[in-house]
Amino acid sequence: MNAVLIAQNTFREAIRDRVLAGMVVAGLVLLAIAQVARPLAMGEGVRLTVDLGLSSVTMLGLLVVMLVGTSLVAKEIERRTIFNLLSRPLPRPVYLIGKWAGLSGALWVVSAVLGFALWGVLALLGRGAYWAPIAQSVYLAGLELTVVTALAVMFSALSTPVLSSLYTLGFFLAGQWCDDLRTFALRAPDSLRHLLEFVANVLPNLSLFNMRTLAAVGETTTALHLSLASGYALLYCGCVLALGAAAFESRDFR
Amino acid sequence: MDTRSHMEAAPDAANALAVRPEAGRSSGRSALPSADCAVRISGLTKTYRSNWTLKTTRGLEHLNLEVQRGEVFGYLGPNGAGKTTTLKILTGLLKPTSGHAWLLGEPIEHVRSRVRLGFLPEQPYFYDYLNGVEYLEFVAQLSGMPGQEATKAARRWLGRVGLGDREKLVLRKYSKGMLQRLGLAAALVHEPELVILDEPMSGLDPFGRRDVRDLILEQRERGVTVMFSSHILPDVEMLCDRVAILLRGRLERVATVGELVNGAGARVEFRCAGAPILELPSAWSARLTRTQRAEETLFTLGDASLQQEVLAWLVSQRVEVRAVTPQRNTLEELFMAAAESSAIHASRERRSA
């Protein structure tokens with residue numbers, strides 16, 4: 001119950017913050033730019049629109065995580081608003097889960113709005129049938145942002161906003177190349193292979209959430225892929241939040 | 001002109017507040033909380049360690065304390081004495097290095113110890129994107145109040161602290177005094193059985209202070225236990241059943257306000273005429289002082305139990321005694337004297353080390 005209250009409040013904070021509205025506006029502007037640039041795409045206008053539209057969901061969402069998520073807990077500690085919460089019957093892990101759920105919820109809303117706008121543009125271009133790949137892509141992007149938000153909340157609970165931003169960005173970038181790292185590990189000498197495999201397992205496998213190439217040509221992915229991605233995101237978020245909560249539990253608020 | 005300085009008053013007050021470890025420490029020998037204790041602290045110690053220099057600083061040292069249910073308890077000490085550290089440990093914001101504490105019988109390690117607790121931190125900060133009602137609703141629900149009840153309580157308490165006409169005003173537009181009032185409302189909105197307030201009068205004008213005093217008295221009438229720290233000693237003197245004085249992380253004294261101000265340090269003044277060259281008996285030299293004023297002589301007796309003997313002696317010396325006035329020590333005098341005495345003691349300890 002208390003996790004829901006914290007999540008609702010975090011969601012309300014994110015919605016009232018102008019950053020989210022700014023991101024939605026930026027996403028719509030990018031879609032408009034794609035339409036202006038479409039004649040230059042030599043017949044690949046729809047592909048350009050889908051690619052840019054879906055990329056903007058991930059990139060703008062990442063920007064929200066960097067601007068809001070990485071200071072989500074640190075800001076509460078710095079401003080001492082956390083004193084009024086943790087002095088109530090609110091377990092610290094529940095607080096962290098609430099913060100993560102609230103911001104993730106706000107990001108799902110932004111992703112859905114941008115995804116819907118993208119589908120609207122495609123419908124105007126006569127590609128209304130693209131709704132399925134767009135919906136799947138936006139769903140996967142939402143999962144990806146949920147995973148990155150969990151990392152941001154964990155770092156924010158343990159570090160300063162600047163360091164949290166750097167760590168989160170580092171994990172996001174490294175997570176994009178997780179599959180490449182795993183492939184590289186297979187060819188590496190034994191001693192290095194174990195280390196690389198370990199790093200690949202620790203990093204979030206964010207390429208699992210990327211089906212933009214398929215969506216750009218109007219193709220959908222399998223239900224198995226969507227299920228695996230959902231399960232992986234839940235498991236990864238659970239591990240990250242458990243780790244963050246364990247460290248946060250012993251923290252002093254002076 | 002009264003030539004007796006404040007410094008002369010200090011030894012009397014220091015005697016009244018002489019360190020009596022058993023007063024503060026005996027209560028912590030049993031490890032279990034008793035039913036009539038709202039707060040029980042046993043051997044609580046907190047040391048801070050710098051991450052960079054690894055140097056440790058003592059915040060609190062082996063604190064034992066009990067606050068009874070239904071009493072208003074003042075927690076005094078100069079800046080850095082460990083008051084806020086204690087209150088933050090009790091409310092779960094700091095983890096103790098060692099020792100135990102219970103709130104209303106529940107160990108502070110469990111979150112359920114905070115279900116019936118209301119807490120006002122020092123200089124409270126709030127979510128500035130919420131308005132007063134939204135904020136109070138939110139915190140009331142966090143303390144377990146159901147939704148509709150929380151909304152009603154939020155409106156009622158916002159009105160109770162004088163902010164009822166600003167329900168929709170976002171908190172970023174609140175003044176410092178308004179935020180303090182909101183903080184008090186937040187501490188009380190869920191009708192707790194124990195209220196811990198860290199400097200509740202801080203930042204308030206005289207009207208605000210009066211309102212806070214009224215609120216504390218109202219809570220006492222309802223049977224709520226109130227523990228608060230403050231630097232505004234007249235308020236403490238007016239409100240508290242008992243006070244604890246903390247100096248350098250150590251508990252110096254726990255007593256009722258009456259015991260402190262009327263205790264061993266209570267003085268008696270004799271205003272006399274015709275005694276400018278009277279020689280004081282050597283037996284009383286440490287307790288009886290003389291101050292010569294323009295038209296009279298003032299004798300100050302540091303031990304009220306000798307009042308009758310001194311009066312008889314003055315009369316026998318044919319001194320015209322114009323008035324005999326018992327003097328109460330103010331809490332402020334006692335507090336300052338205790339702080340000075342502790343500083344001297346600490347300095348001696350350092351030198352001998």
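# Two chains, two builds: a quick tour

Okay, let's start with chain B, where buried residues make up 43% of the 353 residues. One thing to keep in mind from the outset: this is a predicted model. Everything I say today is computed from it.

So what is chain B built from? Its secondary structure comes to eleven helices and 14 strands. And if you take its contacts between residues at a separation of 6 or more, 72% of them link residues 24 or more positions apart.

Let's pick one strand and look around it. I like β7 of chain B, residues 194-198. Is it buried or exposed? Five of its five residues are buried, so the strand is largely enclosed by the rest of the structure. You can see how the side chains split up: B:L194, B:I196 and B:D198 point one way, while B:V195 and B:L197 point the other way, and all are buried. Yes, that list includes an aspartate, B:D198.

Who are the neighbours of β7(B)? With strand β6, residues 117-120 of chain B, there are four bridges, and the two strands run parallel. If you want a spot to click on, B:L120 stands opposite B:L197 in β7(B). Then there's strand β8, residues 225-229 of chain B, which pairs with β7(B) over five bridges, again in the parallel sense. Here the residue to find is B:V195, whose bridge partner in β8(B) is B:V226.

Now move along chain B to another sheet. This one is open, with four strands in the order β12-β13-β11-β14, and the pairing is antiparallel. Which strands sit at the edges? Those are β12 (288-292) and β14 (320-327) of chain B, each of which pairs on one side only. On average, neighbouring strands in this sheet are turned by 20° against each other, ignoring direction.

Let's walk in from each edge. On the β12 side, five bridges join β12(B) to β13, residues 297-301 of chain B, running antiparallel. One pair there is B:Q292 with its bridge partner B:T297 in β13(B). From the other edge, β14(B) is joined by seven bridges to β11, residues 267-273 of chain B, and those two run antiparallel as well. Look for B:A273, which stands opposite B:E320 in β14(B).

Remember how enclosed β7(B) was? Try β14(B) next to that picture. How many of its eight residues are buried? The number is zero, so β14(B) lies largely in the open.

While we're in this part of the sequence, have a look at B:V310. You'll find it in helix α10, residues 307-316 of chain B. It counts as buried because 21 other C-beta atoms lie within 10 Å, and the cut-off for that is 20 or more. What does B:V310 touch, leaving out residues up to four places away in sequence? The answer is B:F270, B:L288 and B:L301. If you match those up with the strands, B:F270 falls within β11(B), residues 267-273, B:L288 within β12(B), residues 288-292, and B:L301 within β13(B), residues 297-301. There's also B:F299, eleven residues away from B:V310 along the chain, with the two C-alpha atoms separated by 9.6 Å.

Right, over to chain A. Its secondary structure is twelve helices and zero strands. Of its 254 residues, 45% count as buried. Its C-alpha trace spans about 60 × 50 × 30 Å along the principal axes. Is that what you'd want for a compact globule? With 254 residues, such a globule would have a radius of gyration near 18 Å, and chain A has 19 Å, which agrees. Among the contacts in chain A with a separation of 6 or more, 82% are between residues 24 or more positions apart.

There's a record to bring in here. An unreviewed UniProt entry places the feature "transmembrane region" at six stretches of chain A, including residues 94-125 and 195-217. In the model, residues 94-125 of chain A are 97% helix and 0% strand, with the end C-alpha atoms 46 Å apart. Residues 195-217 of chain A come out at 57% helix and 0% strand, and there the ends are 38 Å apart.

Last stop: where the chains meet. The contact takes 23 residues from chain B and 20 residues from chain A. Which element of chain B gives the most to its side? That's helix α4, residues 132-142, with four residues. By class, the chain B side has 15 nonpolar, five polar and three charged residues.

Note on methods. Residues are numbered from 1 along each chain as its sequence is written. Chains are lettered from A and ligands numbered from 1 in the order in which they are written. This is a predicted model: local features need pLDDT of at least 70, side-chain atom pairs count only at pLDDT 80 or more; totals for chains, interfaces and linings use all residues. Two residues are in contact if their C-beta atoms, placed from the backbone, lie within 7 Å. Ala, Val, Leu, Ile, Met, Phe, Trp, Tyr, Cys and Pro count as nonpolar, Asp, Glu, Lys and Arg as charged, and the others, Gly among them, as polar. UniProt positions are given in the numbering used here, feature names are shortened, and annotations may be inferred rather than shown by experiment. A residue is buried if 20 or more other C-beta atoms lie within 10 Å of its own, exposed if 12 or fewer, and partly exposed in between; C-beta atoms are placed from the backbone. The radius of gyration is taken over C-alpha atoms; the globule rule is 2.2 Å times the number of residues to the power 0.38. Two strands pair if DSSP finds at least two bridges between them. Axes are lines fitted to C-alpha atoms, for helices over the stretch in contact, and angles run from 0 to 180 degrees between N-to-C directions.
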